[in-house]
Amino acid sequence: MNEKEILSKYIKPLSYNFEDSLGLNDDAAMLKNFKDKNFVVSTDNFIYGVHCPKSLDIKYAIIRAILVAVSDLSAMASNPYCIFLSLTIPKNVDKTFLTKMKKGISKALALTNTHLAGGDICSSRGSISMSVTVIGTANKGKILKRNGASGGELLCVTGNIGDAKIGLDLILQKKVSAEKFLKNYFIRKFILPEIRYKFSNNILDYATSCIDLSDGLLTDVYNLAKNSLCGLTIFYEKIPFSKEAKKMLKNNLYTKKILYNSGDDYELAFSVKEDNLKIVKKIAKRLKVKFSVIGKFEIEKEINIDMKINNTGYSHF
């Protein structure tokens, strides 16, 4: 099957309902001009076998690739609009592979409320890779960054910490049968992280900084404090774990140290003034989002993260 056939049968149909893509018939897309909004743009590389195990079905791999890319928009309180997807796949792929890939892209677009605007496709004898460029929209002058926290503000985090790490380990260890694969709580958390753009948009007037948890809780909140030029004290006893993860901890299958430093949760860590905490709680309750206060930013620039616990999180190098 040649490139034109792949594009025509497996890629172009995914953009038919998105006028800006020009049907993927031209060299580029033409995005609408939003008068009162700014575009927010981010790019993520996702390499099969690096960002997920090679045993993971391509359908689930590409779903995760798109979800984690869109998470960058959530961290900045930007609404997802469209994506550009560049694929590097083996030359000898069969129809089964391409059908699964198409289903995965379609599912991810639905989960993130985005549209496929364009991209590229090529073949390689190397690793399968997916480069995802995400485009979001934000009201002019209203966006969350990593550098807005101030001394006295509270550090909060959505959801639970460490579930995705356990899910990844189960996939690697092949301890879950194919029939029960996505029924497993931890595996679902790894493949289908909840993307919190609705929550971040609703707390935009109250949060002062934000980051998504990709490289590990302690590493990412450290970056919030460092970029905001203030100190930070972590309340370790307040870090949230799911009831399922607590069972793992109780049975000594994991330590809190491992879960503190594991990435891939894609929850949001953000700062908020104490006076606005009640409002954020009401928003979280309305949107059914769990969040916890796990620290406090300090005027002094000392960052009180126990270095015996923090192993600096995930790094490619």
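Exposed, as used here, means over 50% relative accessible area, and buried means under 20%. The model is predicted. This report covers a four-strand sheet, the two helices on it, and a few single residues.

**The sheet**

Four strands make up an open sheet. Their order is β1-β4-β2-β3, with mixed pairing. Strands of a sheet pair through backbone hydrogen bonds, in either a parallel or an antiparallel way. Which strands stand at the edges? They are β1 (37–47) and β3 (115–123). Each has a single partner strand, so one side of each lacks a neighbour in the sheet. On average, neighbouring strands are turned by 15° against each other, direction ignored.

One pairing can be followed in detail. Strand β2 (residues 79–89) pairs with β3 in the parallel sense. Eight bridges join them. Ile83 has Leu116 of β3 as its bridge partner.

**Helices on the sheet**

Helix α2 packs on this sheet and touches β1, β2 and β4 (129–139). The direction of α2 makes about 35° with that of β4. Helix α3 also packs on the sheet, touching β2 and β3. Its direction makes about 165° with that of β2.

**How α2 meets α3**

The two helices also meet each other. The axes of α2 (residues 58–74) and α3 (residues 95–112) come within 7 Å. They cross at roughly 30°. Angles under 35 degrees count as roughly parallel, so α2 is roughly parallel to α3. The crossing is right-handed.

Which residues of α2 make the contact? They are Ile58, Lys59, Ile62, Ile63, Ile66, Leu67 and Val70. From α3 come Phe97, Lys100, Met101, Lys103, Gly104, Ile105, Lys107, Ala108, Leu111 and Thr112. By type, the contact residues divide into eleven nonpolar, two polar and four charged.

**Leu73, a buried residue of α2**

Leu73 sits in helix α2. Is Leu73 buried or exposed? Its relative accessibility is 1%, so Leu73 counts as buried. Beyond its neighbours within four places in sequence, Leu73 is in contact with Val40, Ser78, Pro80, Val134, Ile135 and Gly136. Val134 is 61 residues from Leu73 in sequence. In space, the two are 7.7 Å apart, C-alpha to C-alpha.

**Three loop residues**

The table sets out where three further residues lie and how accessible they are.

| Residue | Loop between | Relative accessibility | Class |
|---|---|---|---|
| Asn184 | α4 (163–173) and α5 (185–191) | 19% | buried |
| Leu229 | α7 (217–228) and β7 (231–234) | 58% | exposed |
| Asn252 | α8 (243–250) and α9 (256–261) | 67% | exposed |

Why does Asn252 count as exposed? Its relative accessibility is 67%, and the class begins over 50%. Leu229, at 58%, counts as exposed as well. Asn184 counts as buried because its value is 19% and the cut-off is under 20%. Leaving aside neighbours within four places in sequence, Asn184 is in contact with Leu170 and Val176.

Backbone angles deserve a look too. Leu229 has a positive phi of about 55°, although it is not a glycine. Asn252 has a phi near 60°, again a positive value in a residue other than glycine.

Terms used. Residues numbered from 1 in each chain as written. Predicted model: local features only at pLDDT ≥ 70, side-chain atom pairs only at ≥ 80, totals over all residues. Heavy atoms only, no water. Axes fitted to C-alpha atoms, helices over the stretch in contact; angles between N-to-C directions. Parallel < 35°, antiparallel > 145°, perpendicular 65-115°, else oblique. Left-handed = near helix turned anticlockwise from the far one by under 90°. Contact = heavy atoms within 4.5 Å. Nonpolar A, V, L, I, M, F, W, Y, C, P; charged D, E, K, R; others polar. Pairing = 2+ DSSP bridges. Buried < 20%, exposed > 50% of the residue type's maximum accessible area, 1.4 Å probe, protein only.
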